[in-house]
Amino acid sequence: MEKLETMFGEAVKLLQKLISTPSVSREEDKTAAIIEAFLKDKGIETHRQMNNVWVFNKYYNPELPTILLNSHHDTVKPNSAYTRDPFSPDIEGDKLYGLGSNDAGASGVSMMQAFLYFYDKKELKYNLCLAITAEEEVSGFNGIESVISKLGPIDFVIVGEPTKMQLAIAERGLMVIDCTAHGKAGHAAREEGENAIYKAMKDIEWFRTYRFPKVSDLFGQVKMSVTIINAGTQHNVIPAECHFTVDVRVTDKYTNQEVFDIISQNVESEVKARSMRLTPSSISTDHPIVKAGVALGLTTYGSPTSSDQALLHMTSLKIGVGDSARSHMANEFVLLSEIKEGIEIYIKLLSSLIL
């Protein structure tokens, strides 16, 4: 691909500019401006709402199906273990360092280059919409969820998150459940009261040992982990309430509501889901985009981590540059060779469908 070197160089330069501009979730206005300016400089009409930027291919045809390319430009806050400046986009050998380099800046800039490759081509079989959006790291309401209705009909989505450019054909959903075991206060020295901690222990043991009947081929069991517990006010008072929190990772075999209903039917504690927005998702291995990826030698797997894919509620595939294991780590980095490979694979995947 003769243009690949030029595209790669441009992608790296843009990523360095994004890294050097802090863009913690809900504070991404400056990186949104950079992305918007970059696309405008290419002569493309841009659309922006809050910190979300999107564009369409030049010869957009409403009678054609549309592929959405979506990644995010917000980051988590740099953690205290950083020994480098998180906003200094240093290159050392094949490594480009910086907060957001791997998650998900490299996917975003690679997607932009792939979009530009097809932008002014006529007679495509699909339209392309590129949306680089905000608040992914906090599953915020002002990210992709707030603009998806403005993008027109979407047939399927390619979500740019670090997957080593392999095909994440399913993604776990996430529910956080707040539980309250109710007892009755009393003096610890006398046989009175009803200990809420003991009641909670019974339910916690259920969370630890219960196995859901339907097992996912990609993920195995629904995973439930009790992660926080709090009860009691002083040593000589039987606690009337015990509060605990459960992290629930839902597989493609269940909806969040189905899992919540099963929990409600099996524990004595009062249970409340903080949200059911982060739903599990999957795409058929017979889908043309999956078949195209497999034909390129890519592998399929189920992703244990959640992303904006959980908010889209439509057919989607997660594939992106970098390694998920590096996300949110201190001294985050992405390999330059991964960016070049990402641009090339995105173009080859899309070429199999739209040309």
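**Close-up views of a predicted model**

**View 1. Val 267 and the residues it touches.** Leaving aside residues up to four places away in sequence, Val 267 touches Asp 203, Trp 206 and Phe 207. Everything shown here and below belongs to a predicted model. Val 267 sits in the loop between helix 6 and strand 14. Is Val 267 buried or exposed? Its relative accessibility is 10%, so it counts as buried, the cut-off for that label being under 20%. For a sense of scale, pan over to Asp 85, which is 182 residues from Val 267 along the chain: the C-alpha atoms of these two residues are separated by 47 Å.

**View 2. An open sheet of four strands.** Which order do the strands take? Reading across the sheet, the order is 11-13-9-14, and the pairing is antiparallel. Strand 11 (223-231) and strand 14 (270-273) stand at the edges with a single partner strand each, so each has one side without a neighbour in the sheet. From one strand to the next, the twist averages 20°. As general background, strands of a sheet pair through backbone hydrogen bonds, in either a parallel or an antiparallel way.

**View 3. Strand 11 beside strand 13.** Here we zoom in on one pair from the sheet. Strand 13 covers residues 241-250 and pairs with strand 11 in the antiparallel sense, over eight bridges. A handy place to start looking is Met 224, whose bridge partner in strand 13 is Val 248.

**View 4. Two helices lying across the sheet strands.** Helix 5 (residues 196-209) lies across strand 9 (173-182), strand 11 and strand 13. Its direction makes an angle of about 10° with strand 13. Helix 6 (residues 256-266) lies across strand 9, strand 11, strand 13 and strand 14, and runs at about 20° to strand 9. If you follow the chain on from helix 6 towards strand 14, you will meet Val 267 again in the loop between them.

**View 5. Strand 2, a mostly covered strand.** How many of the residues of strand 2 are buried? Five of its five residues are, across the stretch 52-56. In a regular strand, side chains alternate between the two faces of the sheet. In strand 2, Asn 52, Trp 54 and Phe 56 point one way, while Val 53 and Val 55 point the other way; all of them are buried.

**View 6. The partners of strand 2.** Strand 1 (residues 47-49) runs antiparallel to strand 2, and three bridges join the two. Within this pair, Arg 48 stands opposite Val 53. The two strands form a hairpin with two residues between them, and Met 50 in the turn has a positive phi of about 50°. Strand 2 also pairs with strand 6 (residues 127-133), in the antiparallel sense and over four bridges. Look for Trp 54 here: Ala 131 in strand 6 stands opposite it.

**View 7. Stepping back to the chain.** To place the close-ups, the secondary structure of the chain comes to nine helices and 18 strands. The C-alpha trace spans about 80 × 45 × 35 Å along its principal axes. Of the 355 residues, 53% are buried. Counting contacts between residues at least 6 apart in sequence, 79% join residues at least 24 apart. The chain exposes about 15,900 Å², with carbon and sulfur atoms supplying 50% of that area. As for charge, the mean positions of the 36 positive and 46 negative charges are 1 Å apart.

Notes:
Residues are numbered from 1 along each chain as its sequence is written. This is a predicted model: local features need pLDDT of at least 70, side-chain atom pairs count only at pLDDT 80 or more; totals for chains, interfaces and linings use all residues. Side-chain values use heavy atoms; hydrogens and water are left out. Buried means under 20% relative accessible area, exposed over 50%, partly exposed in between (1.4 Å probe, protein chains only). Contact means heavy atoms within 4.5 Å. Accessible areas come from the Shrake-Rupley method with a 1.4 Å probe; for residues, only the protein chains shown count as cover. Lys and Arg count as positive and Asp and Glu as negative; His and the chain ends are not counted. The place of a charge is taken as NZ of Lys, CZ of Arg, CG of Asp or CD of Glu. Two strands pair if DSSP finds at least two bridges between them. Axes are lines fitted to C-alpha atoms, for helices over the stretch in contact, and angles run from 0 to 180 degrees between N-to-C directions.
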